[in-house]
Amino acid sequence: MSTRALITGITGQDGSHLAELLLDKGYDVVGMVRRSSTVNYERIAHIQDRITFAQGDLLDEVSMINMLREHRPEEVYNLAAQSFVQTSFGQPVLTGETTALGVTRMLDAIRIVDPGIRFYQASSSEMFGKVQAVPQSESTPFYPRSPYGVAKLYGHWITINYRESYDLHASSGILFNHEGPRRGLEFVTRKITHTAAKIKLGMATELRLGNLDAQRDWGFAGDYVEAMWRMLQQDGPDDYVVATGETHEVREFCEVAFEHVGLDYRDFVVQDERFMRPAEVDLLVGDPSKARADLGWELQTSFRDLVTMMVDADLALLQGDLRSISGS
Ligand code: NDP
Ligand code: GDR
């Protein structure tokens, strides 16, 4: 019999990669989707027929209880969130309801319906915020710098609390930034690669960005979902940092992306106050030693390969090849 996994956030970047991985492993995949006026399955169009969809919303605990009762998953991957840091400053309460309390609702639904379910929580390097040590590991103290970071920290601790209080197999992956051709257009990496491709094709003339000095530890989303799955295959639950161990400035991401299409980013990038944040996270770089040692997780994609993969996919997309997103 196949293992059944429920993924929240299946329409998002990570949800689509994780669904592919689990289907390849022979899982029955149930994807939680929330009601919207238009269907938003762009990232999973190529595997849509192999997924069972279940209506639910992180804002509504009853919907999650009913969903677990109906589909009886053995593993739950909680990837759904209001995930954009900038939006969390403008919508702090919604971010808290979804990204923080949503985790409690799901954990509580698991406790009520089937405490044997294994649970993965999508924690974030944004919890380190104003970093207290370099590089950041599982033992580095947290100091979030946005309503999003604060909400993720709540989600992280409630996962640990339910693990300790109710003996749930609940693990938390502290994932550093991970990107790819399916990344939302508002995030800096995709904004850069999409606009660089547009400029190359004569469809845009400039790229307006905020803080070019910010440093991030950027990996490929396709590599990171493997670590999520491995966490739930361990005998016991735990917390793991997943990162590349390298950091790069936003400026450097621009440089590599534009260079790949034969352009100099300095001719096109314009700094714009609108994209600055009220409080910034200046430097993130993770130490993935524990994930390597305990999970046997290995990074596959280098920084340069990630950037060029994204630029090439955006060039293809803009030239009309939609398969570069859904099939990559
Ligand atoms: P995305 O923003 O691409 O996807 C977010 C998903 O959450 C979408 O499927 C969205 O659905 C869903 N969602 C939002 N609100 C609700 C709600 N109220 N009820 C149900 N579903 C909801 O995020 P990513 O795939 O990039 O990230 C996945 C998770 O990992 C997130 O929790 C994110 O915060 C976290 N994370 C991401 C990192 C990264 O670098 N990508 C790093 C560390 C953590 P819809 O399509 O309907 O909007
Ligand atoms: P982040 O990702 O906040 O790290 O959160 P984002 O790509 O939005 O920002 C990265 C850095 O780039 C700077 N920046 C800009 N960012 C955006 N979005 N747009 C711009 O124009 C711009 N110019 C400069 C930002 O200030 C920031 O320093 C992501 C999300 O996926 C979270 O959900 C996840 O938890 C963390 O990564 C780890």
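Select ligand 1 first, together with the residues around it, a residue being near a molecule if one of its heavy atoms lies within 4 Å of it. There are 26 residues around ligand 1, and Thr11, Asp14, Arg34, Ser83 and Tyr148 come nearest. The model on display is predicted: local features need pLDDT of at least 70, side-chain atom pairs count only at pLDDT 80 or more, and totals for chains, interfaces and linings use all residues. Residues are numbered from 1 along each chain as its sequence is written, chains are lettered from A and ligands numbered from 1 in the order in which they are written, and side-chain values use heavy atoms, with hydrogens and water left out.

Next, display the polar contacts of ligand 1, each a pair of N or O atoms within 3.5 Å. Select Asp57: an N or O atom in its side chain is 2.8 Å from a nitrogen atom of ligand 1. At Lys152, an N or O atom of the side chain is 2.8 Å from an oxygen atom of ligand 1. His178 instead uses a backbone N or O atom, which lies 2.8 Å from an oxygen atom of ligand 1. Taken alone, ligand 1 exposes 900 Å², of which the protein buries 88%; these accessible areas come from the Shrake-Rupley method with a 1.4 Å probe.

Now colour helix 1 (13-24), strand 5 (118-124) and helix 5 (147-166), each of which supplies at least two residues of the shell around ligand 1. Helices (H or I, at least four residues) and strands (E, at least two) are DSSP runs, numbered from the N terminus. Strand 5 gives the most to this shell, with three residues.

Move on to ligand 2. Of the 23 residues around ligand 2, Ser83, Ser124, Tyr148, Arg277 and Glu280 come nearest. Ser83 and Tyr148 are also among the residues that come nearest to ligand 1.

Select Asn177, where a polar side-chain atom lies 2.8 Å from an oxygen atom of ligand 2. Two backbone contacts follow: a polar backbone atom of Glu186 is 2.9 Å from a nitrogen atom of ligand 2, and a backbone N or O atom of Gly210 lies 2.8 Å from a nitrogen atom of ligand 2. Ligand 2 exposes 700 Å² when taken alone, and the protein buries 96% of that.

To finish this site, highlight helix 6 (188-200) and strand 8 (207-209), each supplying at least two residues of the shell around ligand 2.

Technical notes. A polar contact is a pair of N or O atoms within 3.5 Å; within protein, one must be able to donate a hydrogen and the other to accept it, and residues adjacent in sequence count only if both atoms are side-chain atoms.
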